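Visitor: I would like a close look at a single part of this model. Please take one residue as the starting point and work outward from there.

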Amino acid sequence: MRERAYLRWRYAAILSATGVTMVLASLVVLSPLLLLIVRPGESGEAPAFIVPSLCLCVLGFLLWRGFRPVRLAN
């Protein structure tokens, strides 16, 4: 039984860390939008960056907060 709790804790830690990575990746996906400052004519392409970034951020946040590992009792 103790092994099952340990594995559950490990998988929760992995999924939580994956969620944090996905949230950070969503910020990287948004970085090309900084070019809109110097090239405002390209603003029609902004949804191609915003929609995937938003999806990545939401999914990452759900993983991060939903699978926070709890401490194991020793």
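Is L27 buried or exposed, and what is its relative accessible area?

Guide: L27 is exposed, with a relative accessible area of 52%. The cut-offs are these: buried is under 20% relative accessible area, exposed is over 50%, and partly exposed is in between, with a 1.4 Å probe and protein chains only. L27 is therefore exposed because its 52% is over the 50% limit.

Two notes on the numbers before going on. The model is predicted, local features need pLDDT of at least 70, side-chain atom pairs count only at pLDDT 80 or more, and totals for chains, interfaces and linings use all residues. Residues are numbered from 1 along each chain as its sequence is written, and side-chain values use heavy atoms, with hydrogens and water left out.

Now the setting. L27 lies in helix 1, which covers residues 2-30. The chain has 2 helices and 0 strands. Helices (H or I, at least four residues) and strands (E, at least two) are DSSP runs, numbered from the N terminus. Helix 2 covers residues 47-66. L27 and L54 are 27 residues apart in sequence, and their C-alpha atoms are 9.2 Å apart in space.

Next door in sequence is S26, also in helix 1. S26 counts as buried, at 2% relative accessibility. S26 touches S53, L56 and C57, leaving aside residues up to four places away in sequence. A contact here means heavy atoms within 4.5 Å. The side chain of S26 also reaches the backbone oxygen of V23, at 2.6 Å. That is a polar contact: a pair of N or O atoms within 3.5 Å; within protein, one must be able to donate a hydrogen and the other to accept it, and residues adjacent in sequence count only if both atoms are side-chain atoms.

Move back along helix 1 to S16. S16 is buried too, with a relative accessible area of 10%. Its side chain reaches the backbone oxygen of W64 at 3.4 Å. Beyond residues up to four places away in sequence, S16 touches L63, W64, F67, R68 and P69.

W64 leads to the rings. Two aromatic pairs are counted in the model. The rule takes rings of Phe, Tyr and Trp (its six-membered ring) with centres within 6.5 Å; planes under 30 degrees apart are stacked, over 60 edge-to-face, and the rest tilted. One pair is Y6 and W9: the ring centres are 6.3 Å apart and the planes are at 25°, so the pair is stacked. Y6 and W9 are 3 residues apart in helix 1, about one helical turn. Y6 is partly exposed at 40% relative accessibility. W9 is partly exposed as well, at 29%. The other pair is F61 and W64: the centres are 5.9 Å apart and the planes are at 80°, so this pair is edge-to-face. F61 and W64 are 3 residues apart in helix 2, again about one helical turn. F61 is partly exposed, at 44%. W64 is partly exposed at 32%.

W64 has a charged neighbour. R65 lies over the face of W64, at 5.4 Å from the ring centre. The rule for a charge over a ring asks for NZ of Lys or CZ of Arg within 6 Å of the ring centre and within 35 degrees of the ring normal.

Two more arginines sit in helix 1: R8 and R4. R8 is exposed at 59% relative accessibility. The C-alpha atoms of R8 and F67 are 9.9 Å apart, though the two are 59 residues apart along the chain. R4 is exposed, with a relative accessible area of 55%. The C-alpha atoms of R4 and L59, 55 residues apart along the chain, are separated by 26 Å.

Finally, the whole chain. Its C-alpha trace spans about 60 × 15 × 10 Å along the principal axes. The radius of gyration is 18 Å, whereas a compact globule of 74 residues would have one near 11 Å. That radius is taken over C-alpha atoms, and the globule rule is 2.2 Å times the number of residues to the power 0.38. Of the 74 residues, 15% count as buried. Among contacts with a separation of 6 or more, 77% join residues 24 or more positions apart.
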